[in-house]
Amino acid sequence: PPADIYAFSTYTNNFNMCCNIAKQLKGKYPNATTVAGGYHVSAIPSDGFRNFDITVVGEGEKAMRSIAEDTHHYKNFDREIYGDGVCELDDLPSPNYDKINIDDYTREVDGNKVLSIVCSRGCYAKCAFCNSIISKMYPVRSRTNDNILMEVDSMVSKYNIKYIKFNDDNFLDCVDDPVGLANEMCARGIKYRCMVRADSLT
């Protein structure tokens, strides 16, 4: 549908697709502004410059608000924006899935749809290959368990989700109370997957 701004969250595996969609949108709506953010253009900003009007490097919430408030300036002058991190993750709203068809999601476990949740940003380890380092996601910040569980409960009640994938870099070290959160997930009968460093288990 027509819009003033089309924003893309880029990963390396979807970057070419994002570029093709952006090109089609610009052909149909030449006055619209295309914005690229995400891990790929944060690692290689020049890829963003060549294919989008504006490139956001790093965390995007504050940057996108600035772009929406003054699109003309960023589109014509500061085409690369370094996003500042959000200090209090609990202040961010939960993702709104109402505008998409959950049934279109292809990730499943035991025949059940899976949705993802991010509880924290950053990691105490400084692995050179990690996307958190590339995207400058530091210092480490975590949502509270109450805030995380509010999102979990909403997914369960609205979309009948029984499986959650936690997309944190290191669930055990970066989430404030991983044991308490795990106990709450078990009490709700929800299965989940998470990523941890091996040295966090010892």
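**Exercise 1. A tyrosine pair that reaches helix α7**

Tyrosine 97 has a relative accessible area of 12%. Decide whether tyrosine 97 is buried or exposed, then work out what its ring pairs with and which parts of the chain the pair joins.

*Solution.* A word before we start: the model is predicted.

Step 1. The cut-off for buried is under 20% relative accessible area. Tyrosine 97, at 12%, is therefore buried.

Step 2. Now for the other tyrosines, beginning with tyrosine 39, which is partly exposed at 25% relative accessible area. Turn next to tyrosine 97 and tyrosine 159: they form an edge-to-face aromatic pair, with 6.0 Å centre to centre and 80° between the planes.

Step 3. Place the two rings on the chain. Tyrosine 97 lies in the loop between β4 (80–83) and β5 (108–109), and tyrosine 159 lies in helix α7, so the pair ties together parts that are 62 residues apart in sequence.

**Exercise 2. Another edge-to-face pair**

How many aromatic pairs does the count give, and what is the geometry of the one formed by tyrosine 11 and tyrosine 39?

*Solution.* Step 1. The count comes to 8 aromatic pairs.

Step 2. Tyrosine 11 and tyrosine 39 pair edge-to-face, at 5.6 Å centre to centre and with 65° between the planes.

Step 3. Tyrosine 11 sits in the loop between β1 and α1, while tyrosine 39 belongs to helix α2 (residues 39–43), so this pair joins parts that are 28 residues apart in sequence.

Step 4. Check the accessibility. Tyrosine 11 is partly exposed at 41%, and tyrosine 39 is partly exposed at 25%.

While you have the rings on display, look for Phe8, Phe15 and Phe52 as well, which form one aromatic cluster.

**Exercise 3. Strand β2 and its neighbours**

Which strands pair with β2, and how many of its residues are buried?

*Solution.* Step 1. Strand β1 (residues 5–9) pairs with β2 in the parallel sense over 5 bridges. Here alanine 7 stands opposite valine 35.

Step 2. Strand β3 (residues 54–58) also runs parallel to β2, joined to it by 2 bridges. Valine 35 stands opposite isoleucine 54 in β3.

Step 3. Follow the chain from β1 to β2. With helix α1 (residues 15–28), the two strands make a right-handed β-α-β unit.

Step 4. Sort the side chains by face. In a regular strand, side chains alternate between the two faces of the sheet. In β2, Thr33, Val35 and Gly37 are on one side and Thr34 and Ala36 on the other, and all are buried.

Step 5. Since 5 of the 5 residues of β2 (residues 33–37) are buried, the strand is largely enclosed by the rest of the structure.

**Exercise 4. Helix α7 from end to end**

What is the span of α7, which of its residues are buried, and what covers them?

*Solution.* Step 1. The 15 residues of α7 reach 21 Å from first C-alpha to last, close to the 21 Å expected at 1.5 Å a residue.

Step 2. The buried residues of α7 are Asn145, Asn147, Ile148, Leu149, Glu151, Val152 and Met155.

Step 3. The cover over these residues includes β6 (112–117), β9 (163–166) and α9.

Step 4. Just beyond the helix, asparagine 160 takes a positive phi of about 55°.

**Exercise 5. Salt bridges**

How many salt bridges does the structure hold, and where do arginine 188 and aspartate 153 lie on the chain?

*Solution.* Step 1. The structure holds 12 salt bridges.

Step 2. One of them joins arginine 188 and aspartate 153, at 2.7 Å from N to O. Arginine 188 is in the loop between α9 (178–187) and β10 (191–193) and aspartate 153 is in helix α7 (residues 145–159), so the link spans distant parts of the chain, 35 residues apart. Arginine 188 is partly exposed at 34%, and aspartate 153 is partly exposed at 33%.

Step 3. Compare arginine 143 and glutamate 151, whose closest N and O atoms are 2.8 Å apart in a salt bridge. Arginine 143 is buried at 7%, and glutamate 151 is buried at 5%.

Step 4. Finish with the network of salt bridges that links Glu59, Glu61, Arg121 and Arg141.

Terms used: Residues numbered from 1 in each chain as written. Predicted model: local features only at pLDDT ≥ 70, side-chain atom pairs only at ≥ 80, totals over all residues. Heavy atoms only, no water. Salt bridge = Lys/Arg side-chain N within 4 Å of Asp/Glu carboxyl O. Buried < 20%, exposed > 50% of the residue type's maximum accessible area, 1.4 Å probe, protein only. Helix = DSSP H or I, 4+ residues; strand = E, 2+ residues; numbered from the N terminus. Pairing = 2+ DSSP bridges. Right-handed = clockwise from strand over helix to strand, strands pointing away. Expected span 1.5 Å × (residues − 1). Contact = heavy atoms within 4.5 Å. Phe/Tyr/Trp six-rings, centres within 6.5 Å; stacked < 30°, edge-to-face > 60°.
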